[in-house]
Amino acid sequence: MGLAPRCLLLGAPGRYPFNGHLRLAVQCGSAHLHLAAAVNTRRDPPAALEAAAVLRAKLAGIDGRDRFGLLRSAWELLAELDCDLLGPDRGEDLALLMVAWDGQGLGVAGTGLEVLYELGDLTTPLLDGAHPLLCIRGVPSTAPGVFTPHRPPLVVVGAAASGALDPSTKPSWELACGLHPGGAS
């Protein structure tokens with residue numbers, strides 16, 4: 001794969017659209033994982049930041065030899081997490097999108113998502129409706145499946161089931177995902 005795939009979450013409606021959001025990239029040999037998450041987003045910014053920091057610290061331990069190992073490691077680490085540390089909703093409001101890839105392909109997994117878009121067309125969903133990936137909520141008790149797109153997207157953009165900005169209301173996808181247009185992520 002030429003450029004490194006990544007994932008982003010749309011911000012939420014309201015005064016603090018990126019409250020409780022985080023992004024993380026992990027590389028283990030030739031396997032890579034990029035994730036975007038949001039947790040405790042409806043709380044005040046210090047509480048959301050604290051929950052996001054707990055989640056980031058836990059997921060920083062992701063390890064694996066291939067894309068499936070990285071995803072499995074992320075789910076295992078989440079299963080070990082004391083959900084009380086994720087705020088009063090105990091992680092039920094967690095939105096997590098992960099893209100993992102290696103020399104053999106790319107896989108997408110997550111929880112708490114309503115729609116997935118491919119960057120470049122935020123009007124036509126990559127996944128929506130009753131796809132199994134979009135039916136998972138909270139911290140799953142077992143590792144969910146992996147979506148393998150026919151044509152691997154460079155950027156996957158997720159909309160949290162707990163509420164997300166309509167990307168068509170922003171002047172650019174970057175702003176809808178909390179990035180500076182044309183700038184670094």
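This briefing describes the strands, helices and salt bridges of one protein chain.

The model is predicted. The protein chain has an average pLDDT of 89, and 92% of the residues score at least 70. Among the elements of the chain, strand 3 has the highest mean pLDDT (97) and strand 7 (residues 121-127) the lowest (74).

**Strand 4**

- Strand 4 covers residues 95-102, and 8 of its 8 residues are buried, so the strand is largely enclosed by the rest of the structure.
- In a regular strand, side chains alternate between the two faces of the sheet.
- On strand 4, A95, L97, V99 and W101 point one way.
- L96, M98, A100 and D102 point the other way, and the residues of both sets are buried.

**Partners of strand 4**

- Strand 3 (residues 31-38) runs antiparallel to strand 4, and 7 bridges join the two.
- Within this pairing, L33 stands opposite A100 of strand 4, and H32 stands opposite W101.
- Strand 5 (residues 105-111) also runs antiparallel to strand 4, to which it is joined by 7 bridges.
- Here A100 of strand 4 stands opposite G107 of strand 5.
- A100 therefore has a place opposite L33 as well as opposite G107, and its side chain is buried.
- The connection from strand 4 to strand 5 is a hairpin through 2 residues.

**Strands 2 and 3**

- Strand 3 is mostly covered, with 7 of its 8 residues buried.
- Strand 3 pairs with strand 2 in the antiparallel sense over 8 bridges.
- One facing pair is L24 and L35, the latter in strand 3.
- Strand 2 and strand 3 form a hairpin with 2 residues between them.
- G29 lies in the turn of this hairpin and has a positive phi of about 65°.

**Helix 1**

- Helix 1 has 15 residues and reaches 21 Å from its first C-alpha to its last, close to the 21 Å expected at 1.5 Å a residue.
- Its buried residues include A48, A51, A52, L55 and L59.
- These residues cover an arc of only 100° around the axis, which puts them on the same side of helix 1.
- An α-helix has 3.6 residues a turn, so residues three or four places apart point the same way.
- P46, L49, E50 and A57 are exposed on the other side of helix 1.
- The buried residues of helix 1 pack against strand 2 (21-28), strand 3, helix 2 and strand 4.

**Helix 2**

- Helix 2 has 14 residues, and the 20 Å from its first C-alpha to its last is close to the 20 Å expected at 1.5 Å a residue.
- The residues buried in helix 2 include R67, G69, L70, L71 and S73.
- A74, W75, L77 and L78 of helix 2 are buried as well.
- What covers the buried residues of helix 2 includes strand 2, strand 3, helix 1, strand 4 and strand 5.

**Salt bridges**

- The structure holds 5 salt bridges, and three of them are described here, including the one between D89 and R43.
- The closest N and O atoms of D89 and R43 are 3.3 Å apart.
- D89 is in the loop between helix 2 (67-80) and strand 4, while R43 is in the loop between strand 3 and helix 1 (45-59), so this pair links distant parts of the chain, 46 residues apart.
- D89 is partly exposed at 30% relative accessibility, and R43 is partly exposed with a relative accessible area of 31%.
- The side chains of E80 and K58 meet in another salt bridge, at 3.1 Å from N to O.
- This pair links helix 2, which holds E80, to helix 1, which holds K58, and the two residues are 22 residues apart.
- E80 is exposed, with a relative accessible area of 54%, whereas K58 is partly exposed at 23%.
- R151 forms a salt bridge with E118, and their closest N and O atoms are 3.0 Å apart.
- R151 lies in the loop between strand 7 and strand 8 (155-160) and E118 lies in strand 6 (residues 113-118), so the pair ties together parts that are 33 residues apart in sequence.
- R151 is exposed, with a relative accessible area of 55%, whereas E118 counts as buried at 17% relative accessibility.

Note on methods:
Residues numbered from 1 in each chain as written. Predicted model: local features only at pLDDT ≥ 70, side-chain atom pairs only at ≥ 80, totals over all residues. Heavy atoms only, no water. Buried < 20%, exposed > 50% of the residue type's maximum accessible area, 1.4 Å probe, protein only. Helix = DSSP H or I, 4+ residues; strand = E, 2+ residues; numbered from the N terminus. Pairing = 2+ DSSP bridges. pLDDT = per-residue confidence, 0-100. Salt bridge = Lys/Arg side-chain N within 4 Å of Asp/Glu carboxyl O. Expected span 1.5 Å × (residues − 1). Arc of directions from axis to C-beta. Contact = heavy atoms within 4.5 Å.
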